[in-house]
Amino acid sequence: MKVTAEVTIGNGTYEDWLEFFNSYESERKQFVSNEVIEKVSVNSAVVTFEIVNLEGLTKLSSRDDIIETEKRMQITTAIK
């Protein structure tokens with residue numbers, strides 16, 4: 001399933017978010033393929049990818065450290 005996610009960073013910059021996002025890239029790659037990250041502005045990005053394991057991706061996205069950082073950075077994600 002191909003997905004496009006629009007990411008908005010309320011407390012930080014694209015570069016801050018990218019550093020965080022890249023910190024768990026190797027784990028994410030187990031559940032997605034063909035990931036493309038595009039900077040839209042200083043506070044937003046678009047990520048397109050194909051989900052190969054939805055259950056695994058959901059579990060990863062629900063991890064406490066990821067949720068905490070997303071909350072602190074005020075990250076919102078809209079799936080298109």
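Helices here are DSSP runs of H or I at least four residues long, numbered from the N terminus. With that settled, R28 can be placed in helix α2, which covers residues 25–28. Keep in mind throughout that this is a predicted model.

Let's stay with R28 for a moment. With a relative accessible area of 4%, R28 counts as buried, because the cut-off for that label is under 20%. What does the side chain of R28 make a polar contact with? The partner is the side chain of E35, at 2.8 Å. Setting aside residues up to four places away in sequence, R28 touches F21, L57 and L60 as well as E35. So this charged residue is buried, and its list of neighbours takes in F21 and two leucines along with E35.

From R28 we can hop over to S61, a residue of helix α3. The two sit 33 residues apart in sequence, and their C-alpha atoms are 9.0 Å apart in space. Is S61 buried or exposed, or something in between? Its relative accessible area is 39%, so S61 is partly exposed. Not counting residues up to four places away in sequence, S61 touches I66 and I67.

S61 also takes us to the largest pocket, which has a volume of about 450 Å³. Of the 22 residues lining this pocket, S61 is one of the closest to the centre, together with F49, L57, T77 and I79. Which elements give two or more residues to the lining? They are β1 (2–9), α1 (14–23), β2 (32–41), β3, α3 (54–61), α4 (64–72) and β4 (75–79). Helix α3 gives the most, with 4 residues. Sorted by class, the lining has 16 nonpolar, 3 polar and 3 charged residues.

F49 turns up again when we look at the largest nonpolar core. This core has 20 residues, and W17, F20 and F49 are the ones that touch the most other members. At least two residues of the core come from each of β1, α1, β3 and α3. Take F20 as a way in: leaving aside neighbours within four places in sequence, F20 is in contact with I66, T69, E70, M73 and I75. I66 is a residue we have met already, as one that S61 touches.

Now follow the chain to where β2 gives way to β3. N43 lies in the loop between these two strands. With a relative accessible area of 28%, N43 is partly exposed. A polar atom of the N43 side chain lies 2.8 Å from the backbone oxygen of G12. Beyond its neighbours within four places in sequence, N43 is in contact with V7, T8 and I9, as well as with G12. D16 is worth a look here too: N43 and D16 are 27 residues apart in sequence, with 9.4 Å between their C-alpha atoms.

Step on to S44 and you are in strand β3, residues 44–51. S44 is buried, because its relative accessible area of 14% falls under the 20% cut-off. The side chain of S44 makes a polar contact with the side chain of S41, at 2.8 Å. Leaving out neighbours within four places, S44 is in contact with V7, T8, I9, Y14 and K39. V7, T8 and I9 are also on the contact list of N43.

Further along β3 comes E50. At 31% relative accessibility, E50 counts as partly exposed. E50 and K2 are 48 residues apart along the chain, yet their C-alpha atoms are separated by 4.2 Å. Apart from its neighbours within four places in sequence, E50 is in contact with M1, K2, F31, V32, S33 and N34. With N34, the side chain of E50 forms a polar contact of 3.0 Å.

That brings us to a backbone detail. N34, in strand β2, has a positive phi of about 50 degrees although it is not a glycine. Its relative accessible area of 55% is over 50%, so N34 is exposed. Where else does a residue have a positive phi although it is not a glycine? Q74 is such a case, at about 55 degrees. Q74 lies in the loop between α4 and β4, and at 46% relative accessibility Q74 counts as partly exposed.

How values were computed: Residues are numbered from 1 along each chain as its sequence is written. This is a predicted model: local features need pLDDT of at least 70, side-chain atom pairs count only at pLDDT 80 or more; totals for chains, interfaces and linings use all residues. Side-chain values use heavy atoms; hydrogens and water are left out. Buried means under 20% relative accessible area, exposed over 50%, partly exposed in between (1.4 Å probe, protein chains only). A polar contact is a pair of N or O atoms within 3.5 Å; within protein, one must be able to donate a hydrogen and the other to accept it, and residues adjacent in sequence count only if both atoms are side-chain atoms. Contact means heavy atoms within 4.5 Å. On a 1 Å grid over the protein atoms alone, a cavity is a set of points where a 1.4 Å probe fits but cannot get out, and a pocket is an open set with protein on both sides within 12 Å along at least five of seven lines; lining residues have an atom within 4 Å of a point. Grid points are joined across faces, edges and corners, and a volume is the space filled by probe spheres set on the points. Ala, Val, Leu, Ile, Met, Phe, Trp, Tyr, Cys and Pro count as nonpolar, Asp, Glu, Lys and Arg as charged, and the others, Gly among them, as polar. A nonpolar core is a set of buried Ala, Val, Leu, Ile, Met, Phe, Trp, Tyr and Cys residues joined through side-chain atoms within 4.5 Å.
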